[in-house]
Amino acid sequence: MKLSLRAVTTEAKLLLIGIPLLIWTMLPIYHLFLFAISPKDSAFAGNLWPDHPTLHNFAVVFGEQHYYLSHFWRQLLNSLLIAVAVGAITLLIAAAAAFAISRLKVKGGGTVMNLALFTYFIPAAFLAVPMYRTMGNYGLLNNHWSLILAMVTIASPYAIWVLKQASDKLPVELDEAATMDGATTLQLFRLVYVPLMMPSLVAVGTYAILLAWNEYLYAFLLLSRDTDITLPVALGNFLAADDSPWELLMTTGFIYALPPAAIYYAFKRYMVGGLTAGAVKS
């Protein structure tokens, strides 16, 4: 089939825009990797490729052979546990709330959802100090639960909205048929709603996990012990030194960026389809 001139022109325009954007996006990642494989004395040489690339920096990080990396594995585990907990709790809250609002038509559910979304009019940074005081009043400071609850609070309104929009697209007849067959509300939720909502649930769970994984401000305020902090906060400690080991900082940052990248590409299909589900109602 012969391509039309218009189609070729459109494709060319997209390439002219897309290629520079791709290069611009990949440049920071390339420089991050470049620092990671460069010796300390040549990290700022400005070369496109180091004269003597090395994996020594990775050995130092993995072996916790630097003062700022003395709890690397513990802090990485903290980040992982907190992110997974935030994802699981956010999913539970958002799925239950969206099910109640969209399928059970709970009175006042729409108002509750709109009020929850209204919280996004206030920047999250402005809520950091009130959140710190609240956690202090409940004795949760320097406890992982303080950061988990804070992240769930931030992630839940958007998660509820996304799942509610996706839930509205499901045929109501499925609920009616299951109810006529004797299904209870819990069975309807577990056997009908959750399987049909799986793409959106995966997308929302991934969003919550990545949000918690990359959080710095709340983690910095609510956690203080070196054995309790997450890795982003530990990375911030590198900047406190007069002679910061930039090659180790970049190596640790590169390692820390790999899990979310893997999660995103593993669930990319769900992320695109799930987060846009219900965005345009038919």
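Author: Let us start with a yardstick: a residue is buried under 20% relative accessible area, exposed over 50%, and partly exposed in between, using a 1.4 Å probe and protein chains only. The model shown above is predicted, so local features need pLDDT of at least 70, side-chain atom pairs count only at pLDDT 80 or more, and totals for chains, interfaces and linings use all residues. Residues are numbered from 1 along each chain as its sequence is written, and side-chain values use heavy atoms, leaving out hydrogens and water.

Reader: Why is Asn-142 called partly exposed?

Author: Asn-142 has a relative accessibility of 26%, which falls between 20% and 50%, so partly exposed is the right label. You will find Asn-142 in the loop between α5 (128-137) and α6 (144-167). Asn-142 also has a positive phi of about 60° although it is not a glycine.

Reader: What makes Glu-64 partly exposed?

Author: Its relative accessible area is 27%, again between the two limits, so Glu-64 is partly exposed. The phi of Glu-64 is positive too, near 55°, in a residue other than glycine. Glu-64 sits in the loop between α2 (56-62) and α3.

Reader: How do you know what counts as a helix, and how many helices and strands does the protein chain have?

Author: Helices are DSSP runs of H or I with at least four residues, strands are runs of E with at least two, and both are numbered from the N terminus. By that rule the protein chain has 13 helices and zero strands. Read along the sequence, the pattern is therefore α-α-α-α-α-α-α-α-α-α-α-α-α.

Reader: Why is α3 called roughly perpendicular to α8?

Author: Helix α3 (residues 72-103) and helix α8 (residues 185-196) pack at about 105°, with their axes 12 Å apart. Angles of 65 to 115 degrees count as roughly perpendicular, while under 35 is roughly parallel, over 145 roughly antiparallel and the rest oblique. The value of 105° lies inside the 65 to 115 range, so α3 is roughly perpendicular to α8. The axes are lines fitted to C-alpha atoms, for helices over the stretch in contact, and angles run from 0 to 180 degrees between N-to-C directions.

Reader: Which residues in α3 and α8 meet?

Author: From α3 come Ala-95, Ala-96, Ala-98, Phe-99 and Arg-103, and from α8 come Thr-185, Leu-188, Phe-189 and Tyr-193. Here contact means heavy atoms within 4.5 Å.

Reader: Is Asp-175 buried or exposed, and how do you know?

Author: With a relative accessible area of 11%, Asp-175 is under the 20% limit and so is buried. Asp-175 belongs to helix α7 (residues 172-180). Not counting residues up to four places away in sequence, Asp-175 touches Arg-103, Leu-188 and Val-192.

Reader: What makes Leu-223 count as buried?

Author: Leu-223 has 2% relative accessibility, which is under 20%, so it counts as buried. Leu-223 lies in the loop between α10 (217-222) and α11 (231-237). Leaving aside neighbours within four places in sequence, the contacts of Leu-223 include Asn-142, His-144, Asp-228 and Ile-229.

Reader: Why is Asn-78 called buried?

Author: Asn-78 has 3% relative accessibility, under the 20% limit, so the label is buried. Asn-78 lies in helix α3, and with neighbours within four places left aside, Asn-78 is in contact with His-144, Thr-227, Asp-228 and Ile-229. The C-alpha atoms of Asn-78 and Trp-213 are 9.8 Å apart, with their positions 135 residues apart along the chain.

Reader: Which label fits Asn-57, and which one fits Asn-114?

Author: Asn-57, in helix α2, has 4% relative accessibility, under 20%, so it counts as buried. Among the contacts of Asn-57, neighbours within four places aside, are Phe-35, Glu-247 and Thr-251. Asn-114, in helix α4 (residues 109-118), has 47%, between 20% and 50%, so it counts as partly exposed. The C-alpha atoms of Asn-114 and Pro-157, 43 residues apart along the chain, are separated by 8.7 Å.

Reader: What percentage of the protein chain is buried?

Author: Buried residues make up 37% of the 282 residues.
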